[in-house]
Amino acid sequence: MTNKLTNLNYAIIGNCTSAALVNDDCSIDWLCLPFFDSSSVFAKILDSQKGGYFKIWAQDIISVEQTYLYHTPIVKTVFTTKDGIFEVRDYMPRFSTHDGNAYCPSEIHRSIFLVQGNPKMIVDFKPRPNYGLSESEFTLHEEFLKVTSVQGEYNSYYLYTNLNVKDITEGNVIELQGSAYFLLSYHEKIDPVTADKILMEYERTKGYWLYWVYRTKVPEKHKEMLIRSIITLKLLMFQRTGAVIAAPTTSLPEIIGKDRNWDYRYCWIRDASMIIDLYSRIGHARTSTRYINFILNRMLVKDYNILVMYGINGEENLEEKILDHLSGYEGSFPVRIGNAAYKQKQNDVYGELIETIYTSFVVDFRNDLILNEETWTVVRSLAKKVEEIWREADSGIWERRGSMQHFVHSKLMSWVAMDRAAKIAKFIGKKEYVPKYSQIAATIKEDILKNGWDDDLQSFVMYYGGRELDASNLLMLHYGFLDCKDARIVSTVRRMYKELVKDGLVFRYTAPDEFGAPENAVIGCTLRLINALYLIGEEEKARAMLGKIMSKAHRFGLFSEDVEPVTGRLTGNFPQGYSHLAFIQTVFLLETQYDWSDASKKRM
């Protein structure tokens, strides 16, 4: 087996506390504990020699098959060997307790079910704490094997099993006589760990996900892939605070062998707001409430300026560092933790956030946790900020690290902010605010139409005075900025189809930036262009492109951020929340004609 994302060999497991990536050779190659943004205990994906892993394998293998259990994030790997058959079921426990709270501990379970015969299993347990800084120290206790870091910050982990621990640490062959289990926890367990308890938590976890999916309404077309995307988005939501991370990994490169490598284990207001907006529409209002409360807890005073991104516990300083001791995914150095984008100015975030609050209002207007005075204060504070800064330059949606510009997308989202603020005011009976907010929205729109349009190109451009195309402007249709029959929109979509598409996939832009020329297409942008083509009446092209991008998905229907147009290889952090968000929206549009431009027009 190789260590390549392009071979589609990773599945994600998680429980809204952390997440792990399981290779198709039944090796856990990425796991951070106790939380998403903690240091890793397994990071083979970032360095095959130093990163650490936890692999279950067998002797005399005939075949290995891996699937997800139906409508769950539980990964089942079936080993058929000369001597028998066994299954490994990997998951992180999640279920509701008797008081209605979510039980989602910082631990992974690897349940082993003997199916037939007495197969011979091999366990290769190689924890390397602190992002693979060094090997770990093992201490055997009566109930568990304690794993301790020996370099860097102190971390310890507890491995519980009903197998012989010496066989585990020495990598001996184990002849399975019955079912077995591993539980790797960041915390020492209080109650005894037994096979019966492991089985109970497995069944409750499976039941939780089956019921959760049952409550989620999706169209029949592409149903299973949609459900996998929705489950994946759920796994990116941090239970403790309501934050939503962009992806569970760091430094999986946008371009293999180069340095566009970023840490995505944080909550971007933009991405998170759009994901939560979706969840409001598909029947998960409680998730929306928790995210909005996360925002409320940031904006405790009226003059607070919402940031581009936060840590999962609301941290505001996400200092970017390079881990020199790791070689990077397939030699793609550097490996980064933290993200310097937290210091940037991105004026679009206000629009995404107010849009999410608006959707929450109109979709679940009876929810007192959302529709309250504190939330209305947040809306007014955000609108006041937009009024002050919408004319200013910023770093834009693509987080360009060069000079700031007047990005058209940022202006668009300032329009969204004021348009939705006016609608919220009208919806809750605060009509005195409507004329002011509506007038500012109209002024912003006029400014965009005057300065963001290029007559020669017959297209909206990336920034005022520029001539570069930008796929983010396709969101003009998504937010209802212009009608789909408007000649300027139609011309822009066709221009982008002509200039940004390569082998049926879409680049965010094509001109070189401060890291060189983009080489890979962006999955989210491809899906945005599909939507736009469909809306302007070019359905045949739209459906052809949808088939193309779906063919690039992981074998379980998972997406990363980017894709190599020629090879179809997935690149970038994985799985990527925004890609799954865009896929869901595209399928709903094409298969149900769902109007994303205003949540009040149609509900799922």
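How many of the 13 residues of H4 are buried? In this predicted model, 11 of the 13 residues of H4 are buried, so that the helix is mostly covered.

**Helices H4 and H3**

The buried residues of H4 are Met225, Leu226, Ile227, Arg228, Ser229, Ile230, Ile231, Thr232, Leu233, Lys234 and Leu235. The list thus includes Arg228 and Lys234 alongside Leu226 and Ile227.

For both helices, the span between the end C-alpha atoms agrees with the span expected at 1.5 Å a residue. The values are set out below.

| Helix | Residues | Expected span | Distance between end C-alpha atoms |
|---|---|---|---|
| H3 | 195–214 (20 residues) | 28 Å | 29 Å |
| H4 | 223–235 (13 residues) | 18 Å | 18 Å |

In H3, the buried residues are Ile198, Glu201, Tyr202, Thr205, Tyr208, Trp209, Trp212 and Val213. These residues lie on the same side of H3, because they cover an arc of only 125° around the axis. The face of H3 turned away from this buried side carries the exposed residues Asp196, Tyr211 and Tyr214.

**The sheet and its contact with H3**

An open sheet is formed by eight strands, in the order S6-S7-S8-S11-S17-S15-S14-S13, with antiparallel pairing. Its edge strands, S6 (61–68) and S13 (136–140), each pair on one side only. On average, and with direction ignored, neighbouring strands of this sheet are turned by 15° against each other.

At one edge, S6 pairs with S7 (residues 75–81) in the antiparallel sense over seven bridges. Glu65 stands opposite Val78 in S7.

Which strands does H3 lie across? Helix H3 lies across S8 (84–91), S11 (107–117) and S17 (180–185), and it runs at about 105° to S11.

**Cysteines**

The structure holds zero disulfides. Why do Cys104 and Cys267 form no such bond with the closest cysteine? For Cys104, the closest cysteine sulfur is that of Cys16, at 6.5 Å, which is too far for a bond; a disulfide would require the two sulfur atoms to be within 2.5 Å. For Cys267, the closest cysteine sulfur also belongs to Cys16, at 13 Å, and this distance is likewise too far for a bond.

Both residues are buried: Cys104 counts as such at 12% relative accessibility, and Cys267 has a relative accessible area of 0%.

Conventions. Residues numbered from 1 in each chain as written. Predicted model: local features only at pLDDT ≥ 70, side-chain atom pairs only at ≥ 80, totals over all residues. Heavy atoms only, no water. Helix = DSSP H or I, 4+ residues; strand = E, 2+ residues; numbered from the N terminus. Expected span 1.5 Å × (residues − 1). Buried < 20%, exposed > 50% of the residue type's maximum accessible area, 1.4 Å probe, protein only. Arc of directions from axis to C-beta. Pairing = 2+ DSSP bridges. Axes fitted to C-alpha atoms, helices over the stretch in contact; angles between N-to-C directions. Contact = heavy atoms within 4.5 Å.
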